Amino acid sequence: SLVTFGSSWEFADSERYRPFNLYAASKRAGQDLLMHYALRGLRILKLIVFDTYGEGDARRKLLGILQDSCAQGKDVGTTLGEQEIDLVHIDDICMGVEAALHDLKAWDPANGILVLGLGSGRPILVKELILRVGQLAGKEVRAKLGERPYRPREIMRVYRSYRGPSGWTPKRTEFQASVDPAGRGRNLDN
C-alpha cells in the first residue's frame, strides 16, 4: 500500500481539476503517474488536505498571522475577506488518515487510486475567521479589511466534491462554520 497527500488547491474555485499553482499541478501529476501502479495491484490512497492548523505550527499562514496580530495588538492588512477557508486541526487530520487506511484495506486497486478528502465540509469566510480569532482571544483583531488586494486567481470557494473517510468527522470545530452554506462536502457517502 502507498499513501500520498494532495491539496485542495488542485481544484481552484472549481469542483473539477483546475490547479491554482505549480505545487497543486505537481500533486495531480504524481497521482497520474501512480495510476499505473494502482492498476497493477498496488493499493494507493490519495488524501486531499485543506488548510491545516495546530499548536506549535510556525508556518506563516493566515490563522497564525491573525492570532499574532491579535496577541500583539497590531494592525494587520487583509483582503475584504470574502474568500472561504476550510481549517482542519492536525489532530483531526491524523485521525482522518487512520480512518482512510481502514477504507484502503477494502479498496480494489482495479478501480485505480482511492481519493478521499480531509476537509471539514464547513468552511468559513476569512472575514468570519477574523471575528472568530478575536472571540477566542477575548479581544478584537485589528484587521484592516480591504487593505490588501486579492491575488490573481484568488480561490474564493473551497472544493466540496470529495468523499471523506468512512466514519470520520473532525472533532475540533472552533474555526468551522456552524452550517455548510452549500450543504455539501465531507463524507458524501456516509
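Q: What makes the span of helix 1 agree with its number of residues?
A: The expected span of a helix is 1.5 Å times one less than its number of residues. Helix 1 has 17 residues (22-38) and should therefore span 24 Å; its end C-alpha atoms are 24 Å apart, which agrees. Helices are DSSP runs of H or I with at least four residues, and strands are runs of E with at least two, numbered from the N terminus. This is a predicted model, in which local features need pLDDT of at least 70 and side-chain atom pairs count only at pLDDT 80 or more, while totals for chains, interfaces and linings use all residues. Residues are numbered from 1 along each chain, and side-chain values use heavy atoms, without hydrogens and water.

Q: Why is Glu154 called buried?
A: Buried means under 20% relative accessible area, exposed over 50%, and partly exposed in between (1.4 Å probe, protein chains only). Glu154 has a relative accessible area of 11%, so the term buried applies.

Q: Why does Arg151 count as partly exposed?
A: Its relative accessibility is 41%, which lies between the two cut-offs, so Arg151 is partly exposed.

Q: What makes the pair Glu154 and Arg151 a salt bridge?
A: A salt bridge requires a side-chain nitrogen of Lys or Arg within 4 Å of a carboxyl oxygen of Asp or Glu. The N to O distance here is 3.0 Å, so the pair qualifies.

Q: Why is the contact of Arg160 with Glu84 called a salt bridge?
A: The closest N and O atoms are 2.8 Å apart, so the rule is met. The pair links distant parts of the chain, 76 residues apart.
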